[in-house]
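Please take a moment to look over the sequence and the structure below before reading on. The notes that come after are written for someone meeting this structure for the first time.

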Amino acid sequence: MTSPATPSTESPSMWKQPRAVWAVAFACVIAFMGIGLVDPILKPIADELGASPSETSLLFTSYMAVMGVAMLIAGFISSRIGAKRTLLAGLALIIVFSALAGMSDSIGAIVGFRAGWGLGNALFVATALSTIVVASAGSVGQAVIFFEAALGLGIAVGPIVGGQLGAISWRAPFFGVAALMVIAIVVTAFLLPPTPPSGRHTSLADPIRALKHPGLLTVALTALFYNMGFFTLLAFAPFPLDMGASQVGWIFFGWGLLLAISSVRTAPWLQRRFGTIPSILGALTFFAADLAMMALFVESTTVLIIGIVIAGAFLGVNNTLITEAVMGSAPVERSVASSAYSFVRFSGGAVAPWAAGRLGEEVNMSAPFWMGTIAVLIGVAIFAFGSRHLRPGPAPTAHSATEGEAVLVGDAD
């Protein structure tokens, strides 16, 4: 039955979302600011606390490792206490652990508190993505683009805020995250209606079982190796740059801004023109070439800056299209598919920062970027081989009104 509420497939409808979807998206922006907020202060932390690059990179490793494992339990928790309570619990944990990290006096303590931060982010991110996808007033593709736009905006703004606060003290960005998360938790609490637990309780084993589907496994393994390149860039690039927190913040702002633009504009255009699978393969290949360029000219600050910024374009395209591919890669609930995918991909994000730091210390500054290049090319090979298990076209066009109401009960808009 058609009604005025039937979602349109036209791109402008992506921005015509229910109030609660905007609330979750705003909280996503704040949550993802936490990633970029820390990046400009990696070297200042290392200098002030006497830590090596590999020790400092453990801030990413502990964060990503715990976040990946916690993705397996996010659906289990959400299906029992509801999406809203899960989101709020995640935000509360981020507030507590980011503040504790700011009060720490050793690299070990910061690494430990970042692990707790990762747990909070896992509960929030896994639930936020599935909530936006199910409750959005448009297609799955539009919902993913909407989510990636929030991600890109948060990542773009984070380095600027982190760089400016980091110029005052390396502790300031941690307290900045805590303050911003207080805003996010208030917005989520007041604008997101109560979301009762779903009818079926998700088991802890569901995400692992979902990986038996070759399409989902292909995308997850591709993302594992792709994330090794992603987090090599994010966690190690500040060291060969050897700049102040404010300067690094502006460089990664350019990276994040390009990531956000390509997520929303370039990715859909490439998908329409070339299809999802060729576009992902192209974005990954260009990203590998970009990392190789940085490896070859690692002593050139100009080349490093250009390489970091243009990487945002390739990462934005890949993030949007590969996240969308996950949603239709297996005949399981979207939240389960998201948890399984995130568990595997964040393993790459956990390994790469520490490995990059060790290679930079024991081999040379080029070695981490060569590691990232090889990892991304392995991801290209996996995706090229396994893409026959994926649907070649865009994801399904729309959600039903009933499906949206099941997730966001009581949203009057």
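What follows is a short briefing, arranged by topic.

The structure is a predicted model, and its secondary structure consists of 16 helices and 0 strands. Of the 413 residues of the protein, 60% count as buried. When contacts between residues at least 6 apart in sequence are considered, 88% of them join residues at least 24 apart.

**The nonpolar core**

- The largest nonpolar core holds 123 residues, and within this core Phe 174 and Trp 255 are the residues that touch the most other members.
- Helix α1, which covers residues 19-38, supplies the largest share of this core, namely 14 residues.
- Because domain 1 (15-202) and domain 2 (204-392) both give residues to this core, the core lies between them.
- Once residues up to four places away in sequence are set aside, the residues touched by Phe 174 include Val 38, Ile 41, Ile 45 and Leu 59, and also Ile 110 and Trp 117.

**Helix α4**

- Helix α4 runs over residues 83-102 and has 20 residues; from its first C-alpha to its last it reaches 29 Å, which is close to the 28 Å expected at 1.5 Å a residue.
- Among the buried residues of α4 are Leu 87, Gly 90, Leu 91, Ile 94 and Ile 95, together with Ser 98, Ala 99, Ala 101 and Gly 102.
- Ser 98, Ala 99, Ala 101 and Gly 102 of this helix also appear in the list of residues that Phe 174 touches.

**Aromatic rings**

- The count of aromatic pairs in the model comes to 15.
- In one of these pairs, the rings of Phe 230 and Phe 231 have centres 4.9 Å apart and planes at 45°, so the pair is classed as tilted.
- Phe 230 has a relative accessibility of 7% and therefore counts as buried, and Phe 231 is likewise buried, with a relative accessible area of 4%.
- Phe 230 also forms an aromatic pair with Trp 255, and this pair is edge-to-face, with 5.9 Å from centre to centre and 70° between the planes.
- This second pair links distant parts of the chain, since Phe 230 belongs to helix α9 (residues 214-236) and Trp 255 to helix α11 (residues 245-274), with their positions 25 residues apart in the numbering.
- Trp 255 is buried as well, at a relative accessible area of 1%.
- One aromatic cluster is formed by Phe 60, Tyr 226, Phe 230, Phe 231, Phe 252, Trp 255 and Phe 287.

**A charge over two rings**

- Arg 114 lies over the face of Phe 60, a member of the cluster just described, at 5.7 Å from the ring centre.
- The charged end of Arg 114 also sits over the ring of Trp 117, at 4.6 Å from the centre of that ring.

**Leu 72 and its surroundings**

- Leu 72 is placed in helix α3, which spans residues 53-81, and Leu 72 is buried, with a relative accessible area of 14%.
- Leaving aside neighbours within four places in sequence, Leu 72 is in contact with Leu 204, Pro 207, Ile 208 and Phe 343.
- Leu 72 and Val 344 are 272 residues apart along the chain, while their C-alpha atoms are separated by 9.9 Å.

Methods:
Residues are numbered from 1 along each chain as its sequence is written. This is a predicted model: local features need pLDDT of at least 70, side-chain atom pairs count only at pLDDT 80 or more; totals for chains, interfaces and linings use all residues. Side-chain values use heavy atoms; hydrogens and water are left out. A nonpolar core is a set of buried Ala, Val, Leu, Ile, Met, Phe, Trp, Tyr and Cys residues joined through side-chain atoms within 4.5 Å. Buried means under 20% relative accessible area, exposed over 50%, partly exposed in between (1.4 Å probe, protein chains only). Helices (H or I, at least four residues) and strands (E, at least two) are DSSP runs, numbered from the N terminus. Domain bounds come from an automatic or database domain assignment. Contact means heavy atoms within 4.5 Å. The expected span of a helix is 1.5 Å times one less than its number of residues. Rings of Phe, Tyr and Trp (its six-membered ring) pair if their centres lie within 6.5 Å; planes under 30 degrees apart count as stacked, over 60 as edge-to-face and the rest as tilted. A charge sits over a ring if NZ of Lys or CZ of Arg is within 6 Å of the ring centre and within 35 degrees of the ring normal.
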